[in-house]
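Visitor: I would like a close look at a single part of this model, followed outward into what surrounds it. Could you take me through it slowly, explaining each term as it comes up?

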Amino acid sequence: MNAPVSTLASPAVTVAPPTALLELRNVEKTFPGRAKPVLTQLSVSIPEGQFAAIIGCSGAGKTTLISLLAGLITPDRGEIFFAGQLLNTPGPERAVVFQNYSLLPWLTVLENVSLAVTAAAPRLSRQAVREQAEYFIDLVKLSAAIKKRPRELSAGMRQRVGIARAFAVEPQVLLLDEPFSLLDALTRFELQEQLVHICERTQKTVVMVTHDVDEALLLADRIVLMTNGPAATIGGILQVPLPRPRQHGKILEHPAYYPARDQLLSFLESGVLSLDTTRKGQKGKEDEDAKITTLSPVDVYELSRWDADAGVRAE
Ligand SMILES: Nc1ncnc2c1ncn2[C@@H]1O[C@H](COP(=O)(O)OP(=O)(O)OP(=O)(O)O)[C@@H](O)[C@H]1O
Ligand SMILES: [Mg+2]
C-alpha cells in the first residue's frame with residue numbers, strides 16, 4: 001500500500017522558502033469582467049524531475065494554470081515560484097505546447113522550430129540549430145513537411161510542430177496543454193512513448209494537461225485532480241502506483257492499474273475522489289494488492305456539478 005502523498009503544499013499561507021522546482025501558493029486568478037475567479041486557493045508543489053498530469057473537466061481552468069506556470073499571465077492573489085524565485089514572466093527554461101499550437105503562420109515548420117531553438121540558445125551555430133530542429137521534426141514524423149507553413153498543415157500536424165518546438169529547446173520544464181489531443185491513435189501512441197523515453201532519460205520536470213486517464217497513468221508520477229469551475233482548485237492528488245520504466249500494454253497488467261484508473265474516472269464523473277478503492281482483479285478474484293489509498297492529506301472538496309456555461313471560453 002502506498003504512503004499518502006505529502007508533497008502538496010498546505011492551503012494555509014506559509015512563509016517557508018520554496019523547495020520544489022515549481023510551487024504555487026494560494027493562487028487565485030480572475031479574468032476581467034468575470035464575477036468569480038477561475039482558480040482559487042490553488043497550492044501545489046512540483047519537485048524537480050517529476051511528471052505531473054493535470055486532469056479536470058472542460059472549463060476547470062487547466063489552460064489558465066499552464067499559462068500561469070508559463071508566466072504568460074500573473075495571479076491576482078498568491079505566489080508562483082520557479083527554482084525559488086517569484087515567477088512572473090515567460091522564460092526559455094519553461095517551454096509550452098499550447099492547446100491551439102500557437103505557431104507563427106508566416107514561417108515554415110523548420111523556421112518555427114529553429115526560431116525557438118535560437119531564442120533558447122543564441123550562441124548555437126546555424127548548422128547546430130538546423131540539426132537540432134531537424135532531429136525533433138523527424139521525431140514527430142514531420143520531415144516531409146519541413147518547408148510547409150502552418151496553413152498547409154492539418155491540426156494534428158500543427159500540434160506536432162508545437163511538440164517538436166517544445167522538445168527542441170531542451171527546457172528544464174515542459175508545460176504541455178493536451179499536446180496529443182488531435183493526433184491519430186498510432187501517432188499519439190508513438191509520441192507518448194517518445195515522451196516517456198525523453199523524460200526517463202533527461203529527468204525533465206513536466207506538467208501536462210490531459211483528458212485521457214490512460215495517458216496520465218502511463219506518463220505521470222502524480223495526477224493532480226482539479227475541481228469543477230468556476231473557482232476551481234485542487235480536489236486531490238493521486239500518486240501513480242506504477243513502477244518505471246513503463247510501457248504501453250505492460251502497465252495494464254499491474255494490479256494497481258485498474259483501481260487507479262477507476263479512481264480517476266469516478267472523480268471525473270462524480271467530482272469526488274474516493275479514498276480507498278478495492279477492485280476485483282482482472283481475473284475476477286479480489287486482489288488485496290489492488291487496494292490503494294493514494295490521496296494526499298489535503299481535503300477532498302465536495303464538488304458542485306460543472307456549469308456548462310462557465311466552461312465556454314470567451315474568445
Ligand atoms: N482570457 C480569458 N478571458 C476571460 N475568460 C477566460 C479567459 N481564458 C479562460 N477564460 C475562462 O476561464 C475558464 C477556464 O478556462 P480554461 O481555458 O483555463 O479551462 P480548461 O480547463 O483549460 O478547459 P478545456 O479542458 O476545455 O481546455 C473558462 O470559463 C473560460 O471561459
Ligand atoms: Mg484548456
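Guide: What follows begins with one strand and then moves to other parts of the chain.

This is a predicted model, in which local features need pLDDT of at least 70 and side-chain atom pairs count only at pLDDT 80 or more, while totals for chains, interfaces and linings use all residues. Residues are numbered from 1 along each chain as its sequence is written, and chains are lettered from A and ligands numbered from 1 in the order in which they are written.

The part to look at is strand S3 (51–55); here helices (H or I, at least four residues) and strands (E, at least two) are DSSP runs, numbered from the N terminus. A residue is called buried if 20 or more other C-beta atoms lie within 10 Å of its own, exposed if 12 or fewer, and partly exposed in between, with the C-beta atoms placed from the backbone. By that rule 5 of the 5 residues of S3 are buried, so the strand is largely enclosed by the rest of the structure. Phe51, Ala53 and Ile55 point one way from S3, whereas Ala52 and Ile54 point the other way.

Strands of a sheet pair through backbone hydrogen bonds, either parallel or antiparallel, and two strands are said to pair if DSSP finds at least two bridges between them. S3 pairs with S8 in the parallel sense over 4 bridges, and in this pairing Ala53 stands opposite Met208. S3 also pairs with S9 in the parallel sense over 4 bridges, where Ile55 has Leu225 opposite.

Gln50 lies in the loop between S2 and S3, and Gln50 is buried, with 20 other C-beta atoms within 10 Å. Although 154 residues separate Gln50 from Lys204 in sequence, their C-alpha atoms are 7.1 Å apart. Leaving aside neighbours within four places in sequence, Gln50 is in contact (C-beta atoms, placed from the backbone, within 7 Å) with Thr205, Asp221 and Arg222.

Gln203, which lies in the loop between helix H5 (185–202) and strand S8 (205–209), has a positive phi of about 50° although it is not a glycine. With 11 C-beta neighbours inside 10 Å, Gln203 counts as exposed. On the other side of S9 in sequence, Pro230 sits in the loop between strand S9 (222–226) and strand S10 (234–239), and the peptide bond that joins Gly229 to Pro230 is cis, with omega near -5°.

Strand S2 (39–46), mentioned above, belongs to an open sheet of 4 strands in the order S2-S1-S4-S5, and the pairing there is antiparallel. S2 and strand S5 (85–86) stand at the edges, each with a single partner strand, so one side of each is left without a neighbour in the sheet. Strand S4 (residues 77–82) pairs with S5 over 2 bridges, and Phe81 stands opposite Leu86 in S5. Helix H1 (residues 62–70) packs on this sheet, touching S1, S2 and S4, and its direction makes about 125° with that of S1; axes are lines fitted to C-alpha atoms, for helices over the stretch in contact, and angles run from 0 to 180 degrees between N-to-C directions.

Notes
Contact = placed C-beta atoms within 7 Å.
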